[in-house]
Amino acid sequence: QVELVESGGGLVQAGGSLRLSCAASGRTVSRYSMGWFRQAPGKEREFVARISVSGSSTYYDDSVKGRFTMSRDNAKNTVFLQMNSLKPEDTAVYYCAARLGDLGNFASWGQGTQVTVSS
């Protein structure tokens with residue numbers, strides 16, 4: 001399995017921006033589709049965004065569409081989540097995930113990075 005490490009989280013005011021990174025090791029991510037998920041306190045983990053193996057397709061939850069952008073740099077074995085116009089309800093631990101190919105369950109997960117948006 002691929003090992004994933006997230007970074008870039010922090011404290012930001014509402015309306016601000018953060019860029020999360022997810023660095024992969026162990027295997028090249030060029031054969032993996034990647035996803036971002038988040039879990040707020042007292043809530044279940046939820047889908048945020050995913051990007052296809054080729055990088056040509058991205059999908060977003062309605063709650064972040066138009067504000068978040070996911071991208072990948074296979075040469076650097078890294079995926080990114082650019083988060084703009086952040087809202088307090090975006091506060092959560094953000095997790096990066098990987099799955100081989102474009103279908104199936106995400107099998108590899110990072111340890112998460114905390115994002116806190118103050119009002």
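## A walk through the strands, loops and salt bridges

Start by selecting S7 and S21: S7 stands opposite S21, which belongs to β3. Keep in mind as you look around that this is a predicted model.

**Stop 1: the sheet around your first pair.** Now widen the selection to β1 and β3. The two strands run antiparallel and are joined by five bridges. In general, strands of a sheet pair through backbone hydrogen bonds, and they can do so in parallel or antiparallel fashion. Add β8 and β7 to see the whole open sheet of four strands, in the order β1-β3-β8-β7, with antiparallel pairing. Which strands sit at the edges? They are β1 (3-7) and β7, and each of them pairs on one side only. Turn the view to look along the sheet: from one strand to the next, the twist averages 15°.

**Stop 2: the nonpolar core.** Next, select M34, W36, M70, L81, M83 and Y94. These are the residues with the most contacts inside the largest nonpolar core, which has 28 residues. Several elements give two or more residues to this core: β3 (18-25), β4, β5 (46-51), β7 (68-73), β8, β9 and β11 (113-118).

Zoom in on L81 and show what surrounds it. Leaving aside residues up to four places away in sequence, L81 touches L18, R19, L20, W36, V48, A49, F68, T69, M70 and Y94.

**Stop 3: the salt bridges.** How many salt bridges does the structure hold? There are four. The idea behind them is simple: side chains of opposite charge can pair when their charged atoms come close.

Select R38 to begin. R38 forms a salt bridge with E46, and the closest N and O atoms are 2.7 Å apart. Is R38 buried or exposed? R38 counts as buried because its relative accessible area is 6%, while E46, at 37%, is partly exposed.

Stay on R38 and add D90. These two also form a salt bridge, with 2.9 Å between the closest N and O atoms. This pair links distant parts of the chain: R38 is in strand β4 (residues 32-39), D90 is in the loop between β8 and β9, and 52 residues separate them. Both R38 and D90 are buried. Add R67 to the selection too, and you have a network of salt bridges that links R38, E46, R67 and D90.

For another example, go to K65 and D62. Their closest N and O atoms are 3.0 Å apart in a salt bridge. K65 is partly exposed, with a relative accessible area of 49%, and D62 is exposed, at 62%.

**Stop 4: the loops.** Select E89, in the loop between β8 (78-83) and β9 (92-100). E89 has 55% relative accessibility, so it counts as exposed. Now add T116: E89 and T116 are 27 residues apart in sequence, and their C-alpha atoms are 9.0 Å apart in space.

The loop between β8 and β9 also holds S85. What is the phi of S85? It is positive, about 50°, although S85 is not a glycine. S85 is partly exposed, with a relative accessible area of 41%.

Finish at N77, in the loop between β7 and β8. N77 is a residue other than glycine with a positive phi, near 55°. With 16% relative accessibility, N77 counts as buried.

Note on methods. Residues numbered from 1 in each chain as written. Predicted model: local features only at pLDDT ≥ 70, side-chain atom pairs only at ≥ 80, totals over all residues. Heavy atoms only, no water. Buried < 20%, exposed > 50% of the residue type's maximum accessible area, 1.4 Å probe, protein only. Salt bridge = Lys/Arg side-chain N within 4 Å of Asp/Glu carboxyl O. Core = buried A, V, L, I, M, F, W, Y, C linked by side-chain atoms within 4.5 Å. Contact = heavy atoms within 4.5 Å. Pairing = 2+ DSSP bridges. Axes fitted to C-alpha atoms, helices over the stretch in contact; angles between N-to-C directions.
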